[in-house]
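Good morning, colleagues. Please take a moment to look at the sequence and the structure on the screen before I begin.

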Amino acid sequence: LSRVMFNNRPFQQVSGIKSEGDKTTFTWKVGRFKTCSFGSSISSEKIDAGGTTWKVVFFPKGFTDPDYASLYVKSLSCEMDSGDPTDPDKITSSNFASVCVKMVPNPPPAGAGPAKSAGKADLPDNGEGSVVETVKTKSTKTIYSADSGTKAPTVKAAGGGSSKRSSSVKTSLTNSGAAGGAAAAPSEPPVERVLSQLYTNKDCSWGFEKLFDLGKMFDFRTGYITEYGEDEKKKHYPVDNLQNGAMTMTIEILAASGIRLDQPRADSDLTPEGRSRVYWPVHNLKRLVEKIGPDKRLSSAEFTCGDDAWYLDLYPNGFRAKSPETLSLFLHVSRKSADLGHVVKRRFRFGIKKNQAKEEEAVAAAA
């Protein structure tokens with residue numbers, strides 16, 4: 001038996017660390033999820049990137065939604081900053097980071113699955129190693145997202161949680177081929193998720209609350225999890241041990257310290273045309289251009305203008321720009337409204353003005 005069969009405690013391993021300037025890339029292997037529950041996490045060791053220290057936190061059974069595994073990247077310097085006791089809302093430390101998480105599914109090993117075929121697809125084996133429930137998942141052509149990321153909730157989830165599938169994660173025992181056959185190609189495409197965020201002493205953790213669909217993650221056919229131990233006696237890989245396996249991700253952190261973004265602030269007066277106006281001070285634009293590459297963004301905090309909540313995305317080196325020295329700015333309705341499918345139609349315009357040249361070209365974006 002593999003050594004993972006003798007130890008049910010979750011494990012993690014960081015390897016292949018490569019640093020190039022402010023960018024650090026590494027491989028993160030994490031596994032033995034069987035004893036994990038909704039809200040429990042596995043943390044990486046400390047990772048240095050861009051002169052600052054970071055940590056990756058993985059929730060294999062979910063953090064905010066029990067149907068999805070979650071992953072967050074935490075700035076340790078921002079976490080340890082207790083802030084200004086005289087002004088609890090003041091931002092006293094900040095680090096920008098662009099994070100990319102990649103996971104390439106592996107073909108299931110030869111003989112993976114139950115000792116005999118389940119017959120029809122998605123029907124559980126009622127013999128040895130049967131399960132209570134089989135999870136069906138939708139097929140997709142690609143799983144890629146470049147999103148603004150999700151702030152980790154400040155209160156850690158604990159206990160059960162309501163799941164659309166079941167009160168606990170079930171492992172699919174279906175098998176499309178006979179045991180002992182050749183390894184098949186994984187049924188799922190590579191997963192790649194990207195976020196760019198400013199980490200502060202107020203918001204020190206950002207990530208992906210719906211990184212992996214648990215129905216796919218705990219299905220041996222997708223190839224998300226490997227190394228779950230071969231049964232020498234039965235000469236096959238029992239999928240009831242799948243949660244004792246491991247999955248491997250490649251994580252890239254491009255970090256830059258000393259970046260300052262203030263909260264958007266509303267102008268108390270209307271414009272001559274009767275418009276409401278909001279300013280978003282962005283400091284040291286020259287440093288942003290130097291440190292943050294093309295298609296990388298900084299997101300503002302949400303603000304209220306009129307009856308709606310909004311936020312801004314700034315790309316110091318442009319978004320899909322065909323020419324250099326391009327700055328891109330986007331206005332978005334609040335994430336909550338977008339999730340609820342609300343449609344908001346508003347007329348707006350942008351203006352950018354120089355706002356204290358002596359402060360290293362601090363600028364303000366007005367919407």
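What percentage of the contacts in the protein chain with a separation of 6 or more is accounted for by residues 24 or more positions apart? The figure is 66%. I should state at once that this is a predicted model, and that the values I report were computed from it.

Let me begin with the overall composition. The protein chain contains four helices and 20 strands. Of its 367 residues, 45% are buried. The chain exposes about 19100 Å², and 48% of that area is supplied by carbon and sulfur atoms.

I turn now to the start of the chain. Strand β1, residues 11–20, and strand β2, residues 23–31, run antiparallel and are joined by eight bridges. Within this pairing, glutamine 13 stands opposite lysine 29 in β2. The two strands form a hairpin with two residues between them. In the turn, glycine 21 has a positive phi of about 65°.

Next, the loop between β5 and β6. Strand β5 covers residues 52–59 and β6 covers residues 68–75, and proline 66 lies in the loop between them. Is proline 66 buried or exposed? Its relative accessible area is 13%, which is under the 20% limit, so proline 66 counts as buried. The C-alpha atom of proline 66 is separated by 8.2 Å from that of leucine 214, although the two residues are 148 residues apart along the chain.

Aspartate 65 lies in the same loop, between β5 and β6. With 16% relative accessibility, aspartate 65 also counts as buried. Its side chain reaches the backbone nitrogen of aspartate 67 at 2.9 Å. Which residues is aspartate 65 in contact with, once its neighbours within four places in sequence are left aside? They are Phe38 and Lys210.

I come now to the aromatic residues. A pair of aromatic rings is described by the distance of the centres and the angle of the planes. The count for this model comes to 13 aromatic pairs. One of them is formed by tryptophan 54 and tyrosine 199, with 5.0 Å centre to centre and 85° between the planes, an edge-to-face arrangement. This pair links distant parts of the chain: tryptophan 54 belongs to strand β5 and tyrosine 199 to strand β10, residues 191–200, and the two are 145 residues apart. Tryptophan 54 is buried, at a relative accessible area of 0%, and tyrosine 199 is buried with a value of 0% as well.

A further pair consists of tyrosine 315 and phenylalanine 330. Why is this pair described as edge-to-face? The ring centres are 5.7 Å apart and the planes stand at 80°, over the 60 degrees required, so the pair of tyrosine 315 and phenylalanine 330 is edge-to-face. Tyrosine 315 is in strand β17, residues 308–315, while phenylalanine 330 is in strand β18, residues 328–333, and 15 residues separate them along the chain. As to accessibility, tyrosine 315 counts as buried at 5%, whereas phenylalanine 330 is partly exposed, with a relative accessible area of 33%.

Finally, ring pairs also link several residues into a cluster, and its members are Trp28, Phe33, Phe58, Phe212, Phe218 and Tyr224. I would invite you to locate these six rings on the screen. Thank you for your attention.

How values were computed. Residues are numbered from 1 along each chain as its sequence is written. This is a predicted model: local features need pLDDT of at least 70, side-chain atom pairs count only at pLDDT 80 or more; totals for chains, interfaces and linings use all residues. Side-chain values use heavy atoms; hydrogens and water are left out. Two strands pair if DSSP finds at least two bridges between them. Buried means under 20% relative accessible area, exposed over 50%, partly exposed in between (1.4 Å probe, protein chains only). Rings of Phe, Tyr and Trp (its six-membered ring) pair if their centres lie within 6.5 Å; planes under 30 degrees apart count as stacked, over 60 as edge-to-face and the rest as tilted. A polar contact is a pair of N or O atoms within 3.5 Å; within protein, one must be able to donate a hydrogen and the other to accept it, and residues adjacent in sequence count only if both atoms are side-chain atoms. Contact means heavy atoms within 4.5 Å. Accessible areas come from the Shrake-Rupley method with a 1.4 Å probe; for residues, only the protein chains shown count as cover.
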